[in-house]
Structures are given as structure tokens and as C-alpha cells.
Amino acid sequence: MAKIRPLNYFLPSQTAGYFFQLAGIVANTVHGGIYESGFIYEYVTRMRVMLHDGSIKVIDDEKDLRFWRTSFGLLGLIIGLEFELVQRPKLQVYTVPERELANWSEAEFWRYINVDAAANVPPSTPGLAAPTGFQAAASGEFFLNFGLDDLLGSSMLCVATRTGENATLPGIPTDAPADVVAQYEKLMQHMVVVKDDGLEPYGTAARKMGAPPLQFSVEAGNSSFSIALGPGGLPVPLNVLLEDAGTFLEGDSIPLDLLSRGLSAASLQQAPGLMEYLRKRVNDGFWLTESPAALISAWFLTPDKAFQAMDFLRSQQHASLKRQKQGENHFIWNQPAEFRFLTVGDKAELQVVSPGLHFNSEFLSFPDVSGDSQSWKRAFKKVQKILGG
Ligand SMILES: Cc1cc2nc3c(=O)[nH]c(=O)nc-3n(C[C@H](O)[C@H](O)[C@H](O)COP(=O)(O)OP(=O)(O)OC[C@H]3O[C@@H](n4cnc5c(N)ncnc54)[C@H](O)[C@@H]3O)c2cc1C
């Protein structure tokens with residue numbers, strides 16, 4: 001990004017955070033919720049690979065690339081990549097404000113997506129009986145926080161981008177900051193706490209083990225907790241706090257359910273600050289640099305099934321709270337639902353979905369406050385049975 005962002009070049013699709021290795025997101029099913037783009041591997045034009053016998057080859061024939069994209073490491077090691085890039089002279093990153101839905105219904109759900117978030121989901125999409133909007137957004141990552149039970153409302157928030165002639169929102173930057181290269185360097189060098197390894201530069205930690213834990217710190221002269229991704233604060237990895245909270249609360253059902261729902265609400269509240277942090281420094285469409293340890297299962301559905309999928313998760317989340325109260329098990333869904341849209345092409349032999357527009361629902365939870373590992377596995381398996389069936 002430090003090379004291409006100053007020239008306004010971008011990958012046609014990109015993840016929410018920086019913390020993956022490029023080979024890992026090309027050998028797998030990874031995307032960035034850009035309405036008109038597909039999986040990141042679709043934009044690979046050449047690869048340098050190492051075969052089982054140690055020989056190194058450059059793969060540039062489309063027939064061979066189809067096998068290496070989404071190859072899950074089965075064919076050999078990808079050790080170099082060439083991508084198609086797109087130029088985006090104007091890019092706006094922003095959050096569509098969190099809003100409580102007037103009621104839990106398919107129309108209200110789509111009103112937030114299409115009207116509030118100006119999603120680029122064509123009104124002609126099969127099976128979509130939904131309020132229509134301006135379709136001005138280039139991407140949208142949606143978060144949906146279900147209330148504690150059927151009586152409390154659900155709220156939604158979206159981290160979105162706009163590009164080109166649609167990048168007209170007042171007061172939101174469109175360009176790379178003048179010092180963007182220096183800012184990338186600072187991001188790579190800022191210190192984070194990694195469990196068992198202590199303080200390390202962010203770049204080293206991310207290369208070694210992926211997303212460093214989300215860091216909180218108490219800043220000098222400021223008694224409240226704040227996210228301190230720059231110098232000045234003493235970072236404390238959120239994973240450690242969550243693990244401690246999980247251990248402390250184990251067996252105590254009342255605080256655990258409150259904590260779980262609190263974490264869901266906090267994820268929505270934190271998103272604007274995280275987005276703003278990177279927008280100010282690099283304005284490149286990424287908005288996450290760190291993450292607590294997270295369990296994620298992602299399912300690709302046609303958009304007409306979007307509400308049904310979220311309604312199913314809502315019922316599962318409410319049921320997990322009820323069961324906890326009855327002392328039946330220790331798993332409570334503790335994160336909002338997350339979802340995005342993408343338009344998949346036809347570029348890989350092992351592609352998991354057919355070409356076209358897809359709704360990608362992501363069901364997630366933090367494991368450290370999710371009870372024992374069997375209870376969260378049972379809950380995720382239920383989702384798999386319904387959405388993957
Ligand atoms: C906090 C968080 C946020 C996420 N956000 C997104 C998102 O925005 N969009 C999205 O689609 N997904 C997202 N994911 C999922 C993520 O994209 C996948 O887990 C991805 O595979 C991670 O890549 P990695 O670099 O960690 O690779 P790994 O998990 O290490 O590997 C992934 C696959 O690639 C293979 N592989 C790895 N390296 C090579 C290599 N050199 N050569 C050949 N094969 C290789 C592995 O064998 C494996 O099959 C997120 C995950 C987390 C934890």
C-alpha cells in the first residue's frame with residue numbers, strides 16, 4: 001500500500017484489515033464486500049510458486065492460474081504475486097450511522113441497507129422485494145446487533161466506501177494524505193503487546209501471527225480507556241482482558257450474558273473510531289489494524305435469502321441467552337451479525353460459489369467469553385446445518 005496508495009492505485013477488492021499474508025488470501029475464499037468486485041484471487045495475473053520438489057515456476061497461463069487460485073496450499077507454495085490494480089482518484093471511507101430499526105422486518109432490514117447505506121444492490125436482483133436507494137456506495141460492511149430479546153430493538157451500522165463521481169459526501173476526505181508513506185511506516189513500527197512475546201512493532205507481530213490483539217491503553221492525562229494505536233499510551237491486548245473475563249465469569253450466568261450483549265453493542269460503537277483512525281492517516285479503505293481472537297463462519301447466499309439468514313441468527317442469539325439463563329450451557333453469541341455483498345466471477349476451479357451477486361453472512365463470536373469449546377462448536381454446527389445445507 002505504501003507503494004501504490006500515493007498513486008491512487010488499489011486492489012479491486014481488499015479485506016477490512018491489513019493483517020493477512022497475500023498468499024493466504026489468494027489461496028482461499030476472501031473478499032472485501034465491494035458490490036461490483038469478487039474474490040481477491042480473481043485479480044491475480046501471475047504467481048511465482050514453489051512445487052513439492054523445491055523447483056520454482058512462474059504461472060501466468062490462465063488455465064494454470066485457475067487451479068492455483070483457491071488452492072488452499074494443496075499444489076505448493078505461492079511465493080510471489082502480481083495483481084491487476086485499479087486507479088481510484090477519489091475514495092471516501094465513512095460509517096453510515098448506527099440506527100435502531102423501527103421493527104424487525106424484511107422491509108426495515110433492507111431500508112437500512114439500500115436507503116441508509118446506499119448499497120449497490122440492483123433493484124432488479126431476483127426475489128428482492130425491498131426499498132430502493134441511490135446505489136452510490138462502492139462497498140459496505142454491515143453490522144447488525146440484535147437486542148437482548150424479542151422486546152428490544154435491533155440496530156445496524158455500516159462501514160462503507162464511495163469512489164469516483166459518487167465520492168461527494170461533504171467533509172469526508174477523498175485523497176491520500178500528503179504524508180501517507182510516512183504514515184504507513186509509522187503504522188508498521190508502532191508497538192503492540194503480543195501475548196507471550198511482549199512488546200513488538202506492529203509489522204513484525206502481524207507478519208508472525210496475523211492480526212495482533214486489539215490494543216487498549218490509558219493515555220497520559222486521560223482517565224478513560226481509549227484506543228491508542230499511536231505512540232503515547234501503554235497498550236493492553238484486549239484478548240488478554242477477554243480471556244481473564246471469561247475465566248472469572250465462568251459458571252456465573254448473569255454477568256456473562258450481560259457481557260456478551262455488551263460486547264456486541266461495543267463492536268458497533270467502536271467501528272466509527274477505528275475507521276476514523278486509518279482514514280485520517282492513510283485513507284485507503286482499510287479500517288482494521290488489530291483484532292481480538294475471533295471465531296468466524298461465513299456463508300454465501302443469494303440476496304433474497306439475506307433476511308431469512310439474519311432472522312435465523314437472531315433466533316439463535318436469543319435462544320443462547322435464554323439457555324444460559326436456565327443454566328443449560330455456556331455459549332452465548334457475543335458479536336453482532338456481519339454481512340457484505342460481492343459479485344463473484346468465474347476464475348477458479350475450486351471456487352465455492354457460482355458466479356453472480358452474493359450476500360455473504362458472517363457469524364462470529366469471541367472464543368474467550370464463549371464457554372467451553374464444545375458449546376461454541378455445537379452452536380456453529382447448527383448454523384452450518386441450516387445455512388450450508
Ligand atoms: C479478524 C479477521 C478479519 C477478517 N476479515 C476478512 C475480510 O474482510 N474478508 C474476508 O474475506 N475474510 C476475512 N477474514 C478471513 C481471512 O481472510 C481468512 O482467514 C484468510 O485465509 C486469512 O489469510 P492468512 O494470510 O491468515 O492465511 P492462512 O489462514 O494462514 O491460510 C489460508 C489458506 O491459504 C493457504 N496458504 C497460506 N499461505 C500459502 C502459501 N504461501 N502458498 C499456498 N497456500 C497458502 C493455507 O494452506 C490455507 O488453506 C478475516 C479473518 C479474521 C481473523
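## A charge over a ring in helix 9

In this predicted model, the charged end of Lys377 is placed over the ring of Trp376, at 5.5 Å from the ring centre. The ring of Trp376 also takes part in an aromatic pair with Phe380: the two centres are 5.7 Å apart and the planes meet at 80°, so the arrangement is edge-to-face, the class for angles over 60 degrees. Trp376 and Phe380 belong to helix 9 (residues 373-387), where a spacing of 4 residues puts about one helical turn between them. Both Trp376 and Phe380 are buried.

Helix 9 itself lies across strand 14 and strand 16, and its direction runs at about 5° to that of strand 14.

## The open sheet

Strand 14 and strand 16 belong to an open sheet of 6 strands, arranged in the order 6-8-7-15-16-14 with antiparallel pairing. The edges are formed by strand 6 (91-100) and strand 14 (295-301), each of which pairs on one side only, and the twist from one strand to the next averages 20°.

Within this sheet, strand 15 and strand 16 (residues 356-365) run antiparallel and are joined by 7 bridges, with Glu338 standing opposite Glu362 of strand 16. Helix 3 packs on the sheet, where it touches strand 6, strand 7 (139-145), strand 8 (155-163) and strand 15, and its direction makes about 155° with that of strand 6.

## Aromatic pairs and the ring cluster

The structure holds 24 aromatic pairs. One of these joins Trp110 and Phe341, whose rings are tilted, with 5.9 Å from centre to centre and 45° between the planes. Because Trp110 lies in helix 3 (residues 106-116) and Phe341 in strand 15 (residues 337-344), this pair ties together parts that are 231 residues apart in sequence. Trp110 and Phe341 are both buried.

Trp110 and Phe341 are also members of a cluster linked by ring pairs, which includes Tyr35, Trp104, Phe109, Tyr112 and Phe142. The cluster further takes in Phe146, Phe307, Phe339 and Phe359.

## Surroundings of Ile25

Ile25 is a residue of helix 1 (residues 22-26). Its relative accessibility is 8%, and Ile25 therefore counts as buried, the limit being under 20%. When residues up to four places away in sequence are not counted, Ile25 touches Phe20, Val30 and Ile40. The C-alpha atoms of Ile25 and Arg69 are separated by 9.5 Å, the two residues being 44 residues apart along the chain.

Key. Residues are numbered from 1 along each chain as its sequence is written. This is a predicted model: local features need pLDDT of at least 70, side-chain atom pairs count only at pLDDT 80 or more; totals for chains, interfaces and linings use all residues. Side-chain values use heavy atoms; hydrogens and water are left out. Rings of Phe, Tyr and Trp (its six-membered ring) pair if their centres lie within 6.5 Å; planes under 30 degrees apart count as stacked, over 60 as edge-to-face and the rest as tilted. Helices (H or I, at least four residues) and strands (E, at least two) are DSSP runs, numbered from the N terminus. Buried means under 20% relative accessible area, exposed over 50%, partly exposed in between (1.4 Å probe, protein chains only). A charge sits over a ring if NZ of Lys or CZ of Arg is within 6 Å of the ring centre and within 35 degrees of the ring normal. Contact means heavy atoms within 4.5 Å. Two strands pair if DSSP finds at least two bridges between them. Axes are lines fitted to C-alpha atoms, for helices over the stretch in contact, and angles run from 0 to 180 degrees between N-to-C directions.
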